[in-house]
Amino acid sequence: MTERCSSFLDEPLPGTATTENRWLCIEHDGGWGRDPFSGEAFSAQVGAAIERFAAQRAMRVLLIRRPGRAGGFRGRMRVFVADSVPGRTGLRMFTVDDYAQVPDLPIDDPAAGDPVAPIALVCTNGKRDVCCAVLGRPIAASLAGCYADPVVWECSHTGGHRFAPVLIVLPAGYTYGRVTGEQAKAALDAARDGLVSTAGLRGRSSIPPAEQAAEVAVREQIPPAAPDALSTRSDGAAVTVTHRDGRSWSMTVTAEELPARIMSCGKKPSPGQAWRVHLRRPHPDRQSSVPD
């Protein structure tokens, strides 16, 4: 049996979410290629305009489509704009008749667009890595069947295909890996309830990897909480996670090298990395312990 990048299961999930603050998700039912601007999705002129539009706003572009599509989509395409930064998290939807209209969308106006509830994106970009297609598509299809509204989407490459099936919940940007159908549904249901599920949690996209790992460690020890219930900061030597109720946890987070593995199907093996979280300064009155 061919060894795939997702066959290596010893790399811990926390701290591995792709770091992105803003997202531009464009409905596209056709072929995607390796990435949104590989030439298969848009003409060269339109693709360049969208790429400039997104780059000027530091937005990650993803192509999305409904699971189980039959192809030949006709009609207005949905465009989701998500902000994952704590304190200003939000998700809005626009529609366009033509992709050339995307760079003209008034996304800089916070009042423009229709506010929408959280959505789930499952990476199924087989042109980038076969693991996402083989493992992601069944999860996307089963998850979509749980909801009447179009809140579940297949998406192009998100990063971390070695953790397939990969799920991102917008707008907060919490990213999950190696999810089962049950875990994927729990993640989206929690988001729709204003909470964060921890099963398979890799981290929040809008914070650095070490802070992601520390936040996950705390969330695993407390009852389910809202995305912005916890905040993180790092001084280079320690990461502090603070709950809005006043509790705080101070930790050291170190990177540990793992044996070489295939990071992406078809590539040569290279060392992996694990983030290790250690409680640094416990204060019984206002701090809870986080086990190693």
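**Why the labels fit**

Me: Why is Cys132 called buried?
Reply: Cys132 has a relative accessible area of 2%, and since buried means under 20% relative accessible area, with exposed over 50% and partly exposed in between (1.4 Å probe, protein chains only), Cys132 counts as buried. This is a predicted model, in which local features need pLDDT of at least 70 and side-chain atom pairs count only at pLDDT 80 or more, whereas totals for chains, interfaces and linings use all residues. Residues are numbered from 1 along each chain as its sequence is written, and side-chain values use heavy atoms, with hydrogens and water left out.

Me: How do you know that Cys132 has no bond to Cys123?
Reply: A disulfide is a pair of cysteine sulfur atoms within 2.5 Å, and the sulfur of Cys132 is 3.5 Å from that of Cys123, its closest cysteine sulfur, which is therefore too far for a bond. A search of the whole structure likewise finds zero disulfides.

Me: Why is Cys123 called buried?
Reply: Its relative accessible area is 2%, so Cys123 falls under the limit for the buried class.

Me: What makes the pair of Phe42 and Tyr99 edge-to-face?
Reply: Rings of Phe, Tyr and Trp (its six-membered ring) pair if their centres lie within 6.5 Å, and planes under 30 degrees apart count as stacked, over 60 as edge-to-face and the rest as tilted. The centres of the Phe42 and Tyr99 rings are 5.1 Å apart and their planes stand at 70°, so the pair is edge-to-face. Phe42 lies in the loop between strand 1 and helix 1, and Tyr99, 57 residues apart from Phe42, in the loop between strand 4 and strand 5; helices (H or I, at least four residues) and strands (E, at least two) are DSSP runs, numbered from the N terminus. Both Phe42 and Tyr99 are buried, and together with Phe37 they form one aromatic cluster.

Me: What makes the pair of Phe80 and Trp153 edge-to-face?
Reply: With ring centres 5.7 Å apart and planes at 65°, Phe80 and Trp153 meet the criteria for pairing and for edge-to-face, so the pair carries that label. The pair links distant parts of the chain, with Phe80 in strand 3 and Trp153 in strand 7, 73 residues apart.

Me: How do you know that Phe80 is buried, and why does Trp153 count as buried?
Reply: Phe80 has a relative accessible area of 3% and is therefore buried, while Trp153, at 0% relative accessibility, counts as buried too.
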